[in-house]
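Student: Hey, I've just opened this one and don't know my way around yet. Can you walk me through what I'm looking at?
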Amino acid sequence: DLLSFHRGRAYGIEAKFSEAPSVTRSMQTAMADLDLHHLWIVCPGSHSYPVSDRVSVLAVQDIFSLPEQIESALD
């Protein structure tokens, strides 16, 4: 839903209505085609958690931590 660039790397943000979203085939395709460094799936759930090294679920209440997460993804 959103493609962002920071320090030469591409990042994606996908919004989902599900409280426990999963990585879809279209997300995998977008990650490959856009060479995303990391993808965050924003959802209305109450917990944020990593899905893999390059994919995280981000609870909407934690959206303000996204800048910090982008900085840590640079490592």
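Tutor: Sure. Keep in mind that this is a predicted model. Start with the open sheet: five strands in the order β1-β2-β3-β5-β4, with mixed pairing.

Student: OK, which ones are the edge strands?

Tutor: Those are β1 (2–6) and β4, and each of them pairs on one side only.

Student: What packs on the sheet, then?

Tutor: Helix α2, residues 66–73, does, and it touches β1, β2, β3 and β5. The direction of α2 makes about 155 degrees with that of β3. There's also α1, which lies across β2 (9–15), β3 and β5. That helix runs at about 150 degrees to β3.

Student: Back to the strands. In what sense do β3 and β5 pair?

Tutor: Parallel, over five bridges. To find your way along the pair, look for Trp-40, which stands opposite Ser-56 in β5. Ile-41 stands opposite Val-57 of β5.

Student: And how many bridges join β4 to β5?

Tutor: Two, and here the strands run antiparallel. β4 covers residues 49–50. Pro-50 has Ser-56 in β5 as its bridge partner. So far, then, you've met Ser-56 opposite Trp-40 and also as the partner of Pro-50.

Student: What joins β4 to β5 along the chain?

Tutor: A hairpin, going through four residues.

Student: How many residues of β5 are buried?

Tutor: Five of the five, residues 55–59, so the strand is largely enclosed by the rest of the structure.

Student: Which residues sit on which side?

Tutor: Val-55, Val-57 and Ala-59 are on one side, with Ser-56 and Leu-58 on the other. All of them are buried, so both faces of β5 are covered.

Student: Switching topic: which residues form a nonpolar patch on the surface?

Tutor: Leu-3, Phe-5 and Leu-34 do. Together they have about 300 Å² of accessible area.

Student: Where is Leu-34 found?

Tutor: In the loop between α1 (25–33) and β3 (36–43).

Student: What does Leu-34 count as, in terms of accessibility?

Tutor: Partly exposed, because its relative accessibility is 42%, and that label covers values between the 20% cut-off for buried and the 50% cut-off for exposed.

Definitions and conventions:
Residues numbered from 1 in each chain as written. Predicted model: local features only at pLDDT ≥ 70, side-chain atom pairs only at ≥ 80, totals over all residues. Heavy atoms only, no water. Patch = residues over 30% accessible without salt bridge, like charges linked within 9 Å, V, L, I, M, F, W, Y side chains within 5 Å. Areas by Shrake-Rupley, 256 points an atom, 1.4 Å probe, with all protein chains shown as cover. Salt bridge = Lys/Arg side-chain N within 4 Å of Asp/Glu carboxyl O. Buried < 20%, exposed > 50% of the residue type's maximum accessible area, 1.4 Å probe, protein only. Pairing = 2+ DSSP bridges. Contact = heavy atoms within 4.5 Å. Axes fitted to C-alpha atoms, helices over the stretch in contact; angles between N-to-C directions.
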